[in-house]
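The following paragraphs lead through the structure shown below. Please keep the sequence and the model at hand while reading.

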Amino acid sequence: MTETTQMRTPTPGDGSGSRSPEFRLAVNALSGLREDLFHDAFAYRPLPRAGTDGPVARRLPARLKPHAARLPHAVVAALALLCFYAGTVEGATDGPLTLLSGLVCAAPVLATLVRPVGAFWMSMAATPVVALLGSSWGDWPWLPGAFLCHTVVLVIVAIRTRPRTAAWMWALTAAYGFLNDSLWGAGHYGSNSTPLLVLTAFALLFISVWHIRRDARQQVTAEQTVTAHERSRRTLLEERTTIARELHDVVAHHMSVVAIQAEAAPYRVENPPEELERAFATIRENAVAALTELRRVLGVVRAEDYEAPDAPQPTLADLDALLANVRDAGLAVDKAVTGAVRELPPGVELSAYRIVQEALSNSLRHAPGATARVEVSYVLGGLGLRVVNTAVPQNTLVKPSPGAGHGITGMRERVSMLNGEMTAGPTDDGGYEVAVFLPVLVQTEGDA
């Protein structure tokens, strides 16, 4: 197959080949302006209620805390009242016109509660109206009421929108001030555009930095949450993989013993019946088939570098060796066994051993210098385990090692696999306790 590449010839007049990067940048900028300040400018966007657990709400008296959610609305209303007063200071001498000037200054501030972008355009429109209604032409183009109104509106809208919108509002405000200074001339009137622009620039810059910092904090919090979730999930999968490997070794060992005994059993009896030989042959075939299927299904959890242990998996009979090893590591530990000691299913024996091992390892890491106690209780319905350590001595020189709780996760996974129950938490004296119950079904002679 031959691939043919065709070059597109620019059509005269379409301008596709003559558009410079500057032109595309300008087009993108105008698109952003249209999206931020023109598209659905008067859309209904009510100011949400504030949280009642913030730093300000926590300092309020108990009787005022239920009303803390309306605090932003009360602040905006107070600012609108202040703008109303400022609009009447240099209004016309006629009373109704003075009242109208104050209302024109207060209306855009109140509009920020429901239509923030529209409030900006209302404030821009209110500026020349207030100038015409005013009796003093000393400040141009923003009289005191319009000056305060526009500053408040810019700040509130910047808080409610994003930094790019704040930048566009400031740019349009600067363009309006420059246009007025050019048309009327600074020599005829005292222009206050520069003070307004400097004041609002610092305010909007501070708000933009606050926006960026808040967004960054939210993003970091979200990433930390995802990381913690993934770490917990990975720990859980690793623990399940470890459990599956150990159970694979235990079950494979017992299935191999069944297959070997079934093959050797007919040779232990002189002239065994043919039916007995067929029964043992069937047992051996099923055991070999089950062993093959087990290795095929559970073998996928083995890592490529995993090697099965030469020794059998540990049981509760190996607890004394474990305790001796822990004592050599510096943890003083004693053991108490109650109930009639009996042989338990291999999975229960292995999980009980691993739980005690992990609990003692946690005591070594997190409670250096403390003492521990291991209690094993053989009861009628199962096996009870309790591993408790004392508090860390105050005069110890070894500091506790920080942990992520992976050991507790692994113990819970083992207990959950056996439909058991587990509690773990600090004790009243400052130590830590892990209590586990693993149910074991009691087989009767009829069941056997």
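Is Leu 172 buried or partly exposed? The model is a predicted one, and in it Leu 172 has a relative accessible area of 23%. Buried residues lie under 20%, so Leu 172 counts as partly exposed. This leucine belongs to helix α7. Beyond its neighbours up to four places away in sequence, Leu 172 touches Leu 33, Leu 37, Phe 120, Trp 121 and Met 124. One of these partners, Met 124, is 48 residues from Leu 172 in sequence, while the two C-alpha atoms are 9.2 Å apart in space.

Helix α7 covers residues 163–184 and also contains Thr 165. The relative accessibility of Thr 165 is 4%, so this residue is classed as buried. With neighbours within four places in sequence set aside, Thr 165 is in contact with Asp 36 and Leu 37. Leu 37 also appears among the residues touched by Leu 172.

A salt bridge may be considered next. Side chains of opposite charge can pair when their charged atoms come close. The side chains of Glu 35 and Arg 162 form such a bridge, with an N to O distance of 3.5 Å. Glu 35 lies in helix α1 (residues 21–38), whereas Arg 162 lies in the loop between α6 and α7; the pair thus links distant parts of the chain, 127 residues apart. Both partners are classed as partly exposed, Glu 35 with a relative accessible area of 46% and Arg 162 with a relative accessibility of 38%.

In the loop between α1 and α2 (55–58) one finds Asp 40. Its phi is positive, at about 50°, although the residue is not a glycine. Asp 40 has a relative accessibility of 47% and therefore counts as partly exposed.

Helix α6 comprises 17 residues, 144–160, and its first and last C-alpha atoms are 24 Å apart, close to the 24 Å expected at 1.5 Å a residue. How many of the 17 residues of α6 are buried? The number is 12, and α6 is therefore largely enclosed by the rest of the structure. The buried residues of α6 include Phe 147, Cys 149, His 150, Val 153, Leu 154 and Val 157. Gly 145, Ala 146, Thr 151, Val 152, Ile 156 and Ala 158 are buried in this helix as well. An α-helix has 3.6 residues a turn, so residues three or four places apart point the same way.

A pair of helices deserves attention next. Helix α3 (residues 71–89) packs with helix α4 (residues 95–111) at an angle of about 150°, and the two axes are 7 Å apart. Angles over 145 degrees count as roughly antiparallel, and α3 and α4 are therefore roughly antiparallel to each other. Their crossing is right-handed. On the α3 side, the residues that meet α4 include Val 76, Leu 79, Ala 80, Cys 83, Phe 84 and Gly 87. On the α4 side, the residues that meet α3 include Leu 99, Gly 102, Leu 103, Cys 105, Ala 106, Val 109 and Leu 110.

The structure holds 12 salt bridges. One of them joins Asp 215 to Arg 214, with the closest N and O atoms 3.7 Å apart. Asp 215 is partly exposed at 40% relative accessibility, and Arg 214 is partly exposed at 28%.

A further bridge is formed by Asp 334 and Arg 373, whose closest N and O atoms are 3.1 Å apart. Asp 334 lies in strand β3 (residues 332–338) and Arg 373 in strand β4 (residues 371–379), so this pair ties together parts that are 39 residues apart in sequence. Asp 334 has a relative accessible area of 35% and is partly exposed; Arg 373, with 31%, is also partly exposed. Salt bridges that share partners join Asp 334, Arg 373, Glu 375, Arg 386 and Glu 433 into one network.

The last residue to consider is Asn 419, found in the loop between α12 (406–417) and β6 (421–426). Phi of Asn 419 is positive, near 60°, in a residue other than glycine. At 65% relative accessibility, Asn 419 counts as exposed.

Conventions. Residues numbered from 1 in each chain as written. Predicted model: local features only at pLDDT ≥ 70, side-chain atom pairs only at ≥ 80, totals over all residues. Heavy atoms only, no water. Helix = DSSP H or I, 4+ residues; strand = E, 2+ residues; numbered from the N terminus. Expected span 1.5 Å × (residues − 1). Buried < 20%, exposed > 50% of the residue type's maximum accessible area, 1.4 Å probe, protein only. Contact = heavy atoms within 4.5 Å. Salt bridge = Lys/Arg side-chain N within 4 Å of Asp/Glu carboxyl O. Axes fitted to C-alpha atoms, helices over the stretch in contact; angles between N-to-C directions. Parallel < 35°, antiparallel > 145°, perpendicular 65-115°, else oblique. Left-handed = near helix turned anticlockwise from the far one by under 90°.
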